[in-house]
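User: Could you take me through one part of this predicted model? I'd like a close look at how the helices and strands pack in the last domain, in plain bench talk.

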Amino acid sequence: MIASGLLVPRVRGEEVRRDLADSGLLRPDLEIRHEGEFLVLPLVESPDGVPPSWGEVVEREFRETPRKGPARYRDLLPWPDSEKEALPRSFDVVGDIVLIRLPEPLEARKAAVGDALLHFVPGARLVGLDHGVHGPERRREVERIAGSGPWRTRHRENGVELEVDVERAYFSPRLAREHARVAEDVRPGDRVYDLCCGVGPFSVTIAHLGRAASVTAVDANPDAIELLRETLARYPFGGRVTALIGRVEEFGPTAPLVERVVLNLPHEGIKYLPSVARTVAPGGRLYYYEVVSRTELVGRGKALVNSLQSVGEFVEVAERVVHPYSPASDLVAFVLERSR
Ligand SMILES: C[S@@+](CC[C@H](N)C(=O)[O-])C[C@H]1O[C@@H](n2cnc3c(N)ncnc32)[C@H](O)[C@@H]1O
């Protein structure tokens, strides 16, 4: 069948495939095409949803993936095809919980969608309608539409199992690759601050990898820190992480300098960037996250570096789209290194 796909060089194929899968954009019912030095990865969403830096959107003929049972959850809904058009193609899976956003006209039919997802996703226990994250602590508003039990679960990513409560503390499975990338960039003996750590996926992944000398994780949400402490208590490497309830604005001035600092507060982090940058040791790196409109991405890294001139000399060593945020904006990681 003819569908949209993303043309990427073979050498970047696996990385982009995982990014698309984490973002819910990889279409599972179609096979990846091999074209010489390129791959074409089948897309679920309209091409607008894909960050341009990930590859070129093309139209291709794809073969269907052989699979037992229905290929998509929508196949389980006994609706005419025209009524299925508005159904989202992607959803998130957090442990044994499935989360989906529905356009308003479909909310009246949420129970049927919930049942379809409960049967479609292997191991699913509970399906929630995702009303988005709210407030300074970015807590998710969820509504049960199928299944049963608590919002508390364990989510597996990058070889660790995280304690998650989708209502009480922020967590997104779409950041899994980014957690791994930052952990892989930590050198033996580095000290790490994970600011706005949520339930601690950066910290836990870094500690699990075993290179960091110490990790200090800070979040203003006490529930997030409680969940992180429960995760750490299950692992022998948990003792390397100190989990603290605290505000990032109170953290900077007295904190000793360290080699790796993560600041993941995409809408407000810019306010704290200078004080947080002060905690980066010479030669160390700051991983800063921001939602950036696609038309404003060029030059943003340089502007961030310039804004830190009063703190010290920084250079941008990497910039990557973590996942699409809206049809016109992306969550972007800026890696800023402090000069020696
Ligand atoms: C986008 S979440 C990041 C979660 C985590 N880093 C991850 O990768 O899953 C932002 C987190 O910042 C926390 N937060 C918001 N304002 C804060 C502040 N002023 N100081 C410390 N933490 C804050 C929220 O409670 C939330 O857990």
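**Helices and strands, packed together**

Analyst: Let's start with a helix pair. Helix H4 (residues 176-184) and helix H5 (residues 201-209) have axes that come within 9 Å and cross at roughly 45°. That angle makes H4 oblique to H5, and the crossing is right-handed.

Who's touching whom? On the H4 side you'll find His179, Ala180, Val182 and Ala183, and they meet Pro201, Phe202, Thr205, Ile206 and Leu209 of H5. Sort that contact by class and you get seven nonpolar residues, two polar ones and no charged ones.

Now for the sheet. It's an open one with seven strands, and if you walk across it the order reads S13-S12-S11-S14-S15-S17-S16, with mixed pairing. Strand S13 (241-245) and strand S16 (314-326) are the edge strands, each pairing on one side only. From one strand to the next, the twist averages 15°.

As a reminder, strands of a sheet pair through backbone hydrogen bonds, and they can do so either parallel or antiparallel.

For a specific pairing to look at, try strand S15 (residues 280-293) with strand S17 (residues 329-338): these two run antiparallel and share nine bridges. If you want one spot to click on, pick Tyr287, whose bridge partner in S17 is Val335.

Two more helices lie across strands of this sheet. Helix H6 (residues 222-233) lies across strand S12 (214-219) and the edge strand S13, and runs at about 160° to S13. Helix H8 (residues 269-277) lies across strand S11 (191-195), strand S14 (258-263), S15 and S16. Against S15, H8 runs at about 175°. So that you can tie things up on screen: S15 is in contact with H8 and also pairs with S17.

Stepping back, where does this sit in the chain? The domain assignment splits the protein chain into domain 1 (2-61), domain 2 (73-149) and domain 3 (165-338). The C-alpha centres of domain 1 and domain 3 lie 28 Å apart. Their contact draws eleven residues from domain 1 and ten residues from domain 3. On the domain 1 side of that contact, the residues divide into four nonpolar, three polar and four charged. Compare that with the H4 and H5 contact, where no charged residues turn up.

Definitions and conventions:
Residues are numbered from 1 along each chain as its sequence is written. This is a predicted model: local features need pLDDT of at least 70, side-chain atom pairs count only at pLDDT 80 or more; totals for chains, interfaces and linings use all residues. Domain bounds come from an automatic or database domain assignment. Two residues are in contact if their C-beta atoms, placed from the backbone, lie within 7 Å. Ala, Val, Leu, Ile, Met, Phe, Trp, Tyr, Cys and Pro count as nonpolar, Asp, Glu, Lys and Arg as charged, and the others, Gly among them, as polar. Two strands pair if DSSP finds at least two bridges between them. Helices (H or I, at least four residues) and strands (E, at least two) are DSSP runs, numbered from the N terminus. Axes are lines fitted to C-alpha atoms, for helices over the stretch in contact, and angles run from 0 to 180 degrees between N-to-C directions. Angles under 35 degrees count as roughly parallel, over 145 as roughly antiparallel, 65 to 115 as roughly perpendicular and the rest as oblique. A crossing is left-handed if the near helix is turned anticlockwise from the far one by less than a right angle, and right-handed if clockwise.
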